[in-house]
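Colleague: I am new to this structure and should like to learn how to read its features. Could you guide me through them in turn?

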Amino acid sequence: MDSWKLAVRRYQDILPDADIPRFNFPREKLLAWLRNEACPAVEEYSQRLRFQEYANWPLITLMPGADTPERRLIESLEQGILKCAKTFLQLTKEKLVGKNLEDQNPSREYVSEETVEITAGRTNCVKRTIDKSNDLEIILSQVEYLAQNSDLSLVNSSDYFAPVQEFSKDADGKIVQRGELIIAFNYELDPVGNYMIRCLLERARQWYELLSKARGMIKKAIEATGRPYQQLLDQLEHEWDKLDTDWSECQYLLKSGKKKRLINSAVILTQIYAAFGLKPDLHWLSLSDKLLNQEIESIRNRLTAFLNKETTDRIAHALGDLKDLYGKDEKQTDVVEEAIANGDLVLISKSKEAYWENKKISDQISGRRWELLLLLAKKAKLRACVREHDLFPEGSKSLSAMGTSWSRLNERLPESLWTLVENGVEPRSYILRLDSTQIHIF
(Lines give C-alpha, C1' and ligand atoms only; values in the text may rest on other atoms or scores of the structure.)
Protein backbone atom coordinates (compact mmCIF):
# COMPACT_ATOMS: atom_id res chain seq x y z
CA MET A 1 0.00 0.00 0.00
CA ASP A 2 1.26 3.48 -0.86
CA SER A 3 2.36 5.56 2.13
CA TRP A 4 -0.17 8.33 1.40
CA LYS A 5 -3.03 5.80 1.28
CA LEU A 6 -1.97 4.39 4.63
CA ALA A 7 -1.83 7.91 6.10
CA VAL A 8 -5.34 8.73 4.83
CA ARG A 9 -6.74 5.43 6.13
CA ARG A 10 -5.14 6.00 9.51
CA TYR A 11 -6.65 9.51 9.64
CA GLN A 12 -10.11 8.11 8.93
CA ASP A 13 -9.65 5.67 11.82
CA ILE A 14 -8.68 8.47 14.21
CA LEU A 15 -11.32 10.94 13.04
CA PRO A 16 -14.35 9.35 11.36
CA ASP A 17 -16.89 11.48 9.48
CA ALA A 18 -19.20 11.78 12.49
CA ASP A 19 -18.94 15.08 14.33
CA ILE A 20 -16.83 14.95 17.48
CA PRO A 21 -17.44 17.33 20.39
CA ARG A 22 -14.60 19.76 20.96
CA PHE A 23 -13.76 18.34 24.36
CA ASN A 24 -13.29 14.89 22.74
CA PHE A 25 -11.17 16.16 19.83
CA PRO A 26 -8.17 13.76 19.62
CA ARG A 27 -5.60 16.53 19.28
CA GLU A 28 -2.58 14.58 20.55
CA LYS A 29 -3.42 11.60 18.33
CA LEU A 30 -3.62 13.88 15.31
CA LEU A 31 -0.31 15.56 16.11
CA ALA A 32 1.21 12.08 16.29
CA TRP A 33 -0.48 11.24 12.96
CA LEU A 34 1.08 14.32 11.35
CA ARG A 35 4.55 13.41 12.60
CA ASN A 36 4.44 9.64 12.09
CA GLU A 37 2.08 9.05 9.16
CA ALA A 38 1.54 12.20 7.08
CA CYS A 39 5.11 13.57 7.08
CA PRO A 40 6.83 10.32 6.01
CA ALA A 41 4.39 10.09 3.09
CA VAL A 42 5.09 13.68 2.08
CA GLU A 43 8.84 13.20 2.52
CA GLU A 44 8.76 10.41 -0.07
CA TYR A 45 6.99 12.60 -2.62
CA SER A 46 8.88 15.79 -1.79
CA GLN A 47 11.96 14.56 -3.65
CA ARG A 48 10.03 13.96 -6.87
CA LEU A 49 10.26 16.56 -9.60
CA ARG A 50 6.55 16.87 -10.33
CA PHE A 51 5.71 17.44 -6.68
CA GLN A 52 8.49 20.03 -6.43
CA GLU A 53 7.25 21.74 -9.59
CA TYR A 54 3.72 22.10 -8.18
CA ALA A 55 4.87 23.13 -4.68
CA ASN A 56 7.25 25.70 -6.21
CA TRP A 57 4.66 26.99 -8.69
CA PRO A 58 3.65 30.23 -6.88
CA LEU A 59 7.31 31.10 -6.21
CA ILE A 60 8.29 30.59 -9.85
CA THR A 61 5.16 31.72 -11.71
CA LEU A 62 3.92 34.75 -9.77
CA MET A 63 7.10 36.60 -8.86
CA PRO A 64 8.43 39.67 -10.73
CA GLY A 65 10.45 38.68 -13.78
CA ALA A 66 8.44 35.54 -14.54
CA ASP A 67 7.42 35.29 -18.19
CA THR A 68 4.00 33.73 -17.54
CA PRO A 69 0.37 34.67 -18.30
CA GLU A 70 -0.30 34.85 -14.55
CA ARG A 71 2.54 37.31 -13.91
CA ARG A 72 1.56 39.49 -16.87
CA LEU A 73 -2.02 39.65 -15.61
CA ILE A 74 -0.88 40.53 -12.07
CA GLU A 75 1.28 43.36 -13.42
CA SER A 76 -1.64 44.65 -15.50
CA LEU A 77 -3.84 44.56 -12.38
CA GLU A 78 -1.22 46.40 -10.31
CA GLN A 79 -0.85 49.13 -12.94
CA GLY A 80 -4.63 49.35 -13.38
CA ILE A 81 -5.09 50.04 -9.66
CA LEU A 82 -2.49 52.83 -9.74
CA LYS A 83 -3.88 54.40 -12.94
CA CYS A 84 -7.43 54.50 -11.57
CA ALA A 85 -6.21 56.06 -8.33
CA LYS A 86 -4.36 58.82 -10.23
CA THR A 87 -7.41 59.61 -12.37
CA PHE A 88 -9.71 59.62 -9.33
CA LEU A 89 -7.39 61.96 -7.47
CA GLN A 90 -7.24 64.29 -10.47
CA LEU A 91 -11.04 64.50 -10.53
CA THR A 92 -11.27 65.27 -6.81
CA LYS A 93 -8.98 68.29 -7.38
CA GLU A 94 -11.64 69.87 -9.59
CA LYS A 95 -13.13 72.61 -7.38
CA LEU A 96 -16.84 71.87 -7.94
CA VAL A 97 -16.32 68.11 -7.71
CA GLY A 98 -14.40 68.47 -4.44
CA LYS A 99 -17.11 70.69 -2.94
CA ASN A 100 -19.89 68.27 -3.90
CA LEU A 101 -17.94 65.37 -2.45
CA GLU A 102 -17.77 67.14 0.91
CA ASP A 103 -21.45 68.15 0.80
CA GLN A 104 -22.63 64.67 -0.16
CA ASN A 105 -20.47 62.81 2.35
CA PRO A 106 -20.67 64.65 5.71
CA SER A 107 -19.06 63.36 8.86
CA ARG A 108 -21.12 60.97 10.95
CA GLU A 109 -21.21 60.53 14.70
CA TYR A 110 -20.37 57.25 16.38
CA VAL A 111 -19.86 56.00 19.92
CA SER A 112 -16.12 55.63 20.40
CA GLU A 113 -16.19 54.79 24.11
CA GLU A 114 -18.86 53.84 26.63
CA THR A 115 -18.83 53.00 30.33
CA VAL A 116 -21.82 51.04 31.66
CA GLU A 117 -23.02 49.93 35.07
CA ILE A 118 -24.58 46.48 35.18
CA THR A 119 -26.94 45.68 38.05
CA ALA A 120 -29.34 42.82 38.70
CA GLY A 121 -32.25 44.75 37.26
CA ARG A 122 -30.80 46.81 34.40
CA THR A 123 -27.81 48.29 32.62
CA ASN A 124 -27.04 52.00 32.99
CA CYS A 125 -24.82 54.11 30.76
CA VAL A 126 -22.45 56.01 33.02
CA LYS A 127 -20.33 57.70 30.39
CA ARG A 128 -20.44 57.87 26.61
CA THR A 129 -17.94 59.51 24.26
CA ILE A 130 -19.16 60.58 20.84
CA ASP A 131 -16.66 61.11 18.02
CA LYS A 132 -17.01 61.94 14.37
CA SER A 133 -15.84 59.88 11.44
CA ASN A 134 -15.64 60.91 7.81
CA ASP A 135 -15.63 58.03 5.32
CA LEU A 136 -14.74 60.42 2.50
CA GLU A 137 -11.52 61.52 4.21
CA ILE A 138 -10.50 57.91 4.85
CA ILE A 139 -11.19 56.83 1.27
CA LEU A 140 -9.53 59.84 -0.37
CA SER A 141 -6.43 59.54 1.81
CA GLN A 142 -6.02 55.95 0.62
CA VAL A 143 -6.64 56.93 -2.99
CA GLU A 144 -3.98 59.61 -2.63
CA TYR A 145 -1.58 57.06 -1.16
CA LEU A 146 -2.08 54.84 -4.22
CA ALA A 147 -1.82 57.75 -6.65
CA GLN A 148 1.55 58.76 -5.23
CA ASN A 149 2.97 55.24 -5.69
CA SER A 150 4.81 54.26 -8.85
CA ASP A 151 5.02 50.60 -7.84
CA LEU A 152 2.44 48.35 -6.21
CA SER A 153 3.49 44.83 -5.26
CA LEU A 154 0.62 42.42 -4.68
CA VAL A 155 2.84 39.32 -4.51
CA ASN A 156 5.10 38.50 -1.57
CA SER A 157 7.15 35.27 -1.51
CA SER A 158 7.25 35.53 2.30
CA ASP A 159 3.53 34.63 2.29
CA TYR A 160 4.38 31.04 1.34
CA PHE A 161 4.01 29.55 4.84
CA ALA A 162 1.73 32.20 6.36
CA PRO A 163 0.41 35.68 5.46
CA VAL A 164 2.86 38.49 6.17
CA GLN A 165 1.06 40.83 8.56
CA GLU A 166 0.67 44.47 7.58
CA PHE A 167 0.52 47.50 9.85
CA SER A 168 -0.59 51.10 9.42
CA LYS A 169 -1.13 54.21 11.55
CA ASP A 170 -4.55 55.29 12.77
CA ALA A 171 -5.76 58.88 13.06
CA ASP A 172 -3.91 59.29 16.37
CA GLY A 173 -0.65 58.00 14.92
CA LYS A 174 -0.86 54.65 16.70
CA ILE A 175 0.44 51.61 14.81
CA VAL A 176 -2.38 49.11 14.30
CA GLN A 177 -2.42 45.70 12.68
CA ARG A 178 -4.62 45.30 9.61
CA GLY A 179 -7.19 42.54 9.90
CA GLU A 180 -7.48 41.41 6.26
CA LEU A 181 -4.52 39.03 6.44
CA ILE A 182 -5.14 37.56 9.89
CA ILE A 183 -6.12 33.93 9.30
CA ALA A 184 -8.52 33.77 12.25
CA PHE A 185 -10.46 36.85 11.05
CA ASN A 186 -10.65 36.23 7.31
CA TYR A 187 -12.53 33.20 6.00
CA GLU A 188 -10.84 33.58 2.60
CA LEU A 189 -7.60 32.46 4.30
CA ASP A 190 -7.71 28.76 5.17
CA PRO A 191 -5.59 27.40 8.04
CA VAL A 192 -3.23 25.86 5.46
CA GLY A 193 -2.90 26.40 1.72
CA ASN A 194 -1.54 28.55 -1.09
CA TYR A 195 -1.24 31.80 0.84
CA MET A 196 0.72 33.55 -1.91
CA ILE A 197 -2.34 33.46 -4.17
CA ARG A 198 -4.86 34.16 -1.42
CA CYS A 199 -2.89 37.08 -0.01
CA LEU A 200 -2.33 38.70 -3.38
CA LEU A 201 -6.08 38.40 -4.08
CA GLU A 202 -6.91 39.87 -0.67
CA ARG A 203 -4.56 42.81 -1.28
CA ALA A 204 -6.08 43.33 -4.72
CA ARG A 205 -9.61 42.99 -3.34
CA GLN A 206 -8.91 45.63 -0.70
CA TRP A 207 -7.77 48.18 -3.32
CA TYR A 208 -10.47 47.20 -5.83
CA GLU A 209 -13.28 47.71 -3.29
CA LEU A 210 -11.76 51.00 -2.12
CA LEU A 211 -11.60 52.32 -5.70
CA SER A 212 -15.12 51.08 -6.38
CA LYS A 213 -16.43 53.18 -3.45
CA ALA A 214 -14.39 56.18 -4.59
CA ARG A 215 -15.71 55.83 -8.15
CA GLY A 216 -19.32 55.85 -6.93
CA MET A 217 -18.74 58.96 -4.80
CA ILE A 218 -16.92 60.82 -7.58
CA LYS A 219 -19.48 60.02 -10.29
CA LYS A 220 -22.29 61.22 -8.02
CA ALA A 221 -20.37 64.44 -7.27
CA ILE A 222 -19.73 65.07 -10.99
CA GLU A 223 -23.42 64.62 -11.86
CA ALA A 224 -24.32 67.25 -9.24
CA THR A 225 -22.02 69.82 -10.84
CA GLY A 226 -24.05 69.91 -14.04
CA ARG A 227 -20.80 69.92 -16.01
CA PRO A 228 -19.72 67.01 -18.21
CA TYR A 229 -15.98 66.67 -17.46
CA GLN A 230 -16.28 64.30 -20.42
CA GLN A 231 -12.62 63.70 -21.13
CA LEU A 232 -11.77 62.79 -17.55
CA LEU A 233 -14.94 60.72 -17.20
CA ASP A 234 -14.16 58.77 -20.36
CA GLN A 235 -10.65 58.14 -19.08
CA LEU A 236 -12.02 57.05 -15.70
CA GLU A 237 -14.51 54.60 -17.23
CA HIS A 238 -11.96 53.19 -19.67
CA GLU A 239 -9.46 52.56 -16.89
CA TRP A 240 -12.12 51.17 -14.58
CA ASP A 241 -13.42 48.73 -17.23
CA LYS A 242 -9.87 47.45 -17.76
CA LEU A 243 -9.31 47.09 -14.01
CA ASP A 244 -12.66 45.35 -13.55
CA THR A 245 -11.83 42.86 -16.33
CA ASP A 246 -8.33 42.18 -14.98
CA TRP A 247 -9.68 41.65 -11.46
CA SER A 248 -12.28 39.10 -12.63
CA GLU A 249 -9.78 37.33 -14.89
CA CYS A 250 -7.14 37.23 -12.14
CA GLN A 251 -9.50 35.51 -9.71
CA TYR A 252 -10.47 32.95 -12.34
CA LEU A 253 -6.94 32.27 -13.57
CA LEU A 254 -5.43 31.87 -10.11
CA LYS A 255 -8.19 29.86 -8.41
CA SER A 256 -9.95 27.74 -11.04
CA GLY A 257 -9.06 24.40 -12.55
CA LYS A 258 -7.65 21.05 -11.51
CA LYS A 259 -4.04 22.20 -11.71
CA LYS A 260 -4.63 25.02 -9.21
CA ARG A 261 -6.25 22.52 -6.83
CA LEU A 262 -3.24 20.22 -7.09
CA ILE A 263 -0.87 23.16 -6.60
CA ASN A 264 -2.77 24.11 -3.44
CA SER A 265 -2.47 20.53 -2.17
CA ALA A 266 1.26 20.38 -2.92
CA VAL A 267 1.77 23.65 -1.01
CA ILE A 268 -0.26 22.33 1.96
CA LEU A 269 1.83 19.16 2.12
CA THR A 270 5.05 21.19 1.87
CA GLN A 271 3.88 23.34 4.79
CA ILE A 272 3.10 20.25 6.88
CA TYR A 273 6.40 18.58 6.00
CA ALA A 274 8.26 21.77 6.93
CA ALA A 275 6.39 22.07 10.24
CA PHE A 276 6.45 18.45 11.46
CA GLY A 277 9.14 16.63 9.46
CA LEU A 278 12.08 15.42 11.54
CA LYS A 279 14.66 17.01 9.25
CA PRO A 280 12.79 18.45 6.27
CA ASP A 281 14.86 18.61 3.07
CA LEU A 282 13.50 21.67 1.26
CA HIS A 283 16.63 22.80 -0.58
CA TRP A 284 14.60 22.70 -3.80
CA LEU A 285 12.07 25.27 -2.55
CA SER A 286 12.77 28.73 -4.02
CA LEU A 287 13.07 30.48 -0.66
CA SER A 288 16.14 31.68 1.22
CA ASP A 289 17.43 29.51 4.07
CA LYS A 290 16.89 32.38 6.52
CA LEU A 291 13.22 32.77 5.58
CA LEU A 292 12.71 29.00 5.60
CA ASN A 293 14.07 28.64 9.12
CA GLN A 294 11.94 31.54 10.41
CA GLU A 295 8.73 30.34 8.78
CA ILE A 296 9.17 26.68 9.69
CA GLU A 297 9.23 27.59 13.38
CA SER A 298 6.27 29.94 12.93
CA ILE A 299 3.99 27.46 11.12
CA ARG A 300 4.91 24.66 13.53
CA ASN A 301 3.90 26.80 16.53
CA ARG A 302 0.69 28.00 14.87
CA LEU A 303 -0.52 24.56 13.77
CA THR A 304 0.41 22.95 17.08
CA ALA A 305 -1.51 25.59 19.03
CA PHE A 306 -4.58 25.82 16.78
CA LEU A 307 -4.92 22.31 15.28
CA ASN A 308 -8.57 21.55 14.51
CA LYS A 309 -10.71 19.32 12.30
CA GLU A 310 -10.79 21.77 9.40
CA THR A 311 -6.99 21.81 9.29
CA THR A 312 -6.56 18.04 9.45
CA ASP A 313 -9.37 17.49 6.92
CA ARG A 314 -7.55 19.74 4.44
CA ILE A 315 -4.28 17.91 5.04
CA ALA A 316 -5.92 14.51 4.50
CA HIS A 317 -7.58 15.79 1.32
CA ALA A 318 -4.22 17.07 0.07
CA LEU A 319 -2.70 13.63 0.68
CA GLY A 320 -5.51 12.10 -1.37
CA ASP A 321 -4.72 14.50 -4.22
CA LEU A 322 -1.34 12.82 -4.70
CA LYS A 323 -3.06 10.18 -6.81
CA ASP A 324 -4.20 12.90 -9.25
CA LEU A 325 -0.77 14.53 -9.26
CA TYR A 326 0.74 11.43 -10.84
CA GLY A 327 -2.22 9.52 -12.23
CA LYS A 328 -1.89 6.16 -13.94
CA ASP A 329 1.76 6.67 -14.91
CA GLU A 330 2.96 6.82 -11.30
CA LYS A 331 5.13 3.69 -11.53
CA GLN A 332 6.86 4.92 -14.68
CA THR A 333 7.19 8.40 -13.16
CA ASP A 334 8.73 6.91 -10.01
CA VAL A 335 11.50 5.27 -12.04
CA VAL A 336 12.17 8.41 -14.08
CA GLU A 337 12.20 10.75 -11.10
CA GLU A 338 14.38 8.41 -9.06
CA ALA A 339 16.95 8.39 -11.86
CA ILE A 340 16.82 12.19 -12.12
CA ALA A 341 17.09 12.55 -8.34
CA ASN A 342 20.24 10.38 -8.42
CA GLY A 343 21.88 12.91 -10.77
CA ASP A 344 22.17 10.39 -13.61
CA LEU A 345 21.87 11.12 -17.33
CA VAL A 346 18.18 10.71 -18.15
CA LEU A 347 16.78 10.95 -21.69
CA ILE A 348 13.03 10.88 -22.33
CA SER A 349 12.51 10.12 -26.01
CA LYS A 350 8.85 11.10 -26.36
CA SER A 351 9.29 14.66 -25.04
CA LYS A 352 12.98 14.97 -26.03
CA GLU A 353 13.87 16.01 -22.48
CA ALA A 354 17.33 15.51 -21.03
CA TYR A 355 18.39 15.67 -17.37
CA TRP A 356 21.85 15.69 -15.82
CA GLU A 357 22.94 16.21 -12.22
CA ASN A 358 19.33 16.64 -11.01
CA LYS A 359 18.64 19.43 -13.51
CA LYS A 360 16.88 19.64 -16.83
CA ILE A 361 19.21 20.61 -19.66
CA SER A 362 17.44 23.90 -20.28
CA ASP A 363 18.16 24.59 -23.93
CA GLN A 364 15.96 22.64 -26.31
CA ILE A 365 17.76 19.74 -27.94
CA SER A 366 16.14 18.57 -31.14
CA GLY A 367 16.87 17.30 -34.63
CA ARG A 368 20.37 16.03 -35.28
CA ARG A 369 21.56 17.19 -31.84
CA TRP A 370 19.00 14.97 -30.10
CA GLU A 371 19.86 12.02 -32.38
CA LEU A 372 23.55 12.34 -31.50
CA LEU A 373 22.90 12.67 -27.75
CA LEU A 374 20.65 9.60 -27.84
CA LEU A 375 23.27 7.62 -29.78
CA LEU A 376 26.01 8.65 -27.35
CA ALA A 377 23.89 7.40 -24.45
CA LYS A 378 22.91 4.14 -26.14
CA LYS A 379 26.46 3.37 -27.26
CA ALA A 380 27.90 4.31 -23.84
CA LYS A 381 25.78 1.57 -22.26
CA LEU A 382 27.65 -0.81 -24.59
CA ARG A 383 30.98 1.00 -24.09
CA ALA A 384 31.05 1.68 -27.80
CA CYS A 385 31.70 4.69 -30.02
CA VAL A 386 29.21 6.60 -32.12
CA ARG A 387 30.53 6.38 -35.67
CA GLU A 388 29.73 8.63 -38.58
CA HIS A 389 27.63 5.89 -40.16
CA ASP A 390 25.45 5.70 -36.99
CA LEU A 391 24.43 9.34 -37.29
CA PHE A 392 24.43 9.48 -41.08
CA PRO A 393 23.36 5.98 -42.24
CA GLU A 394 22.99 7.18 -45.82
CA GLY A 395 26.37 8.89 -45.74
CA SER A 396 27.35 12.47 -44.94
CA LYS A 397 27.88 15.21 -47.48
CA SER A 398 31.22 16.31 -46.03
CA LEU A 399 34.03 15.09 -43.81
CA SER A 400 33.19 17.83 -41.29
CA ALA A 401 29.53 16.83 -40.80
CA MET A 402 30.21 14.65 -37.75
CA GLY A 403 32.43 17.26 -36.11
CA THR A 404 29.91 20.02 -36.81
CA SER A 405 27.08 17.94 -35.29
CA TRP A 406 29.10 17.32 -32.11
CA SER A 407 30.11 20.99 -31.90
CA ARG A 408 26.45 22.07 -32.08
CA LEU A 409 25.40 19.54 -29.43
CA ASN A 410 28.38 20.50 -27.27
CA GLU A 411 27.05 24.09 -27.07
CA ARG A 412 23.82 22.87 -25.44
CA LEU A 413 25.32 20.59 -22.80
CA PRO A 414 26.62 21.52 -19.33
CA GLU A 415 30.39 21.40 -19.04
CA SER A 416 30.33 18.52 -16.56
CA LEU A 417 28.63 16.38 -19.23
CA TRP A 418 30.34 17.37 -22.46
CA THR A 419 33.79 16.88 -20.90
CA LEU A 420 32.90 13.18 -20.57
CA VAL A 421 32.72 12.87 -24.35
CA GLU A 422 36.00 11.89 -26.01
CA ASN A 423 37.19 11.13 -29.52
CA GLY A 424 36.69 7.51 -30.44
CA VAL A 425 39.23 5.07 -31.86
CA GLU A 426 37.88 5.43 -35.39
CA PRO A 427 38.14 8.72 -37.28
CA ARG A 428 35.18 11.06 -36.78
CA SER A 429 33.73 9.03 -33.89
CA TYR A 430 32.88 9.93 -30.29
CA ILE A 431 32.36 8.02 -27.05
CA LEU A 432 30.62 9.02 -23.81
CA ARG A 433 32.71 7.88 -20.84
CA LEU A 434 29.86 7.29 -18.39
CA ASP A 435 29.01 4.11 -16.53
CA SER A 436 25.98 2.30 -17.95
CA THR A 437 24.29 2.35 -14.53
CA GLN A 438 24.22 6.17 -14.75
CA ILE A 439 22.42 6.25 -18.11
CA HIS A 440 18.64 5.91 -18.40
CA ILE A 441 16.68 6.12 -21.62
CA PHE A 442 12.88 6.17 -21.45
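Modeller: Let us begin with the lining of a cavity, bearing in mind that the model is predicted. In the second largest cavity, helix 9 and helix 12 each supply at least two residues of the lining.

Colleague: Which helix gives the largest share of the lining of the second largest cavity?

Modeller: The largest share comes from helix 9, with four residues. The full lining consists of Leu262, Ser265, Ala266, Leu269, Ala318, Asp321, Leu322 and Leu325. By class, six of these residues are nonpolar, one is polar and one is charged. The volume of this second largest cavity is about 40 Å³.

Colleague: How many cavities of 30 Å³ or more does the structure hold?

Modeller: The structure holds two of them. The largest encloses about 50 Å³ of space. Its lining is made up of Glu166, Arg178, Glu180, Leu181, Glu202, Arg203 and Gln206. Here five lining residues are charged, one is polar and one is nonpolar.

Colleague: Arg203 appears in that lining. Is Arg203 buried or exposed?

Modeller: A residue is called buried if its relative accessible area is under 20%. Arg203 has a relative accessible area of 7%, so it is buried. Arg203 belongs to helix 7. Apart from neighbours within four places in sequence, Arg203 is in contact with Leu154, Asn156, Asp159, Val164, Glu166 and Leu181. Among these contacts, Glu166 and Leu181 also line the largest cavity.

Colleague: Where is Gln271 placed, and what is in contact with Gln271 beyond its neighbours within four places in sequence?

Modeller: Gln271 is placed in helix 9. Its relative accessibility is 0%, and therefore Gln271 counts as buried. Setting aside neighbours within four places in sequence, its contacts are Tyr160, Phe161, Val192, Gly193, Tyr195 and Ile299.

Colleague: How should I read a pair of aromatic rings?

Modeller: Two quantities describe such a pair, namely the distance of the centres and the angle of the planes. In this structure the count comes to seven aromatic pairs. One of them joins Tyr160 and Phe161, whose ring centres are 5.1 Å apart and whose planes stand at 75°, so the pair is edge-to-face. Tyr160 counts as buried, at 1% relative accessibility, and Phe161 is likewise buried, with a relative accessible area of 1%.

Colleague: What form does the pair of Trp406 and Tyr430 take?

Modeller: That pair is tilted, at 5.7 Å centre to centre with 35° between the planes. Trp406 lies in helix 16 (residues 401-410) and Tyr430 in strand 9 (residues 430-432), so the pair ties together parts that are 24 residues apart in sequence. Both Trp406 and Tyr430 are buried. Elsewhere, ring pairs link Tyr208, Trp240 and Trp247 into a cluster.

Colleague: Where in helix 3 does the kink lie?

Modeller: Helix 3 (residues 49-61) has a kink of about 45° at Ala55, shortly before the proline Pro58. Both Ala55 and Pro58 are among the buried residues of helix 3, which also include Phe51, Tyr54, Trp57 and Leu59.

Colleague: Which helices do the buried residues of helix 3 pack against?

Modeller: They pack against helix 2 (27-46), helix 4 (69-92), helix 7 (195-225), helix 8, helix 9 and helix 12 (322-326).

Colleague: What should I look for in the backbone angle phi?

Modeller: Most residues other than glycine have a negative phi. In this structure Glu357 has a positive phi, near 55°. Glu357 sits in the loop between strand 6 (353-356) and strand 7 (359-360). With a relative accessible area of 40%, Glu357 is partly exposed. Arg383, which is not a glycine, also has a positive phi, of about 55°.

Colleague: Where does Arg383 lie, and is Arg383 buried or exposed?

Modeller: Arg383 lies in the loop between helix 14 (367-381) and helix 15 (388-391). Its relative accessible area is 74%, so Arg383 is exposed.

Colleague: Which loop holds Gly257?

Modeller: Gly257 is found in the loop between helix 8 (230-255) and helix 9 (258-276). With a relative accessible area of 49%, Gly257 is partly exposed. Gly257 and Ser416 are 159 residues apart in sequence, and their C-alpha atoms are 40 Å apart in space.

Technical notes:
Residues numbered from 1 in each chain as written. Predicted model: local features only at pLDDT ≥ 70, side-chain atom pairs only at ≥ 80, totals over all residues. Heavy atoms only, no water. Buried < 20%, exposed > 50% of the residue type's maximum accessible area, 1.4 Å probe, protein only. Bend = angle between axes of the 7 residues up to and from the residue. Contact = heavy atoms within 4.5 Å. 1 Å grid on protein atoms, 1.4 Å probe; cavity = no way out; pocket = protein on both sides within 12 Å on 5 of 7 lines; lining within 4 Å. Points joined across faces, edges and corners; volume = space filled by probe spheres on them. Nonpolar A, V, L, I, M, F, W, Y, C, P; charged D, E, K, R; others polar. Phe/Tyr/Trp six-rings, centres within 6.5 Å; stacked < 30°, edge-to-face > 60°.
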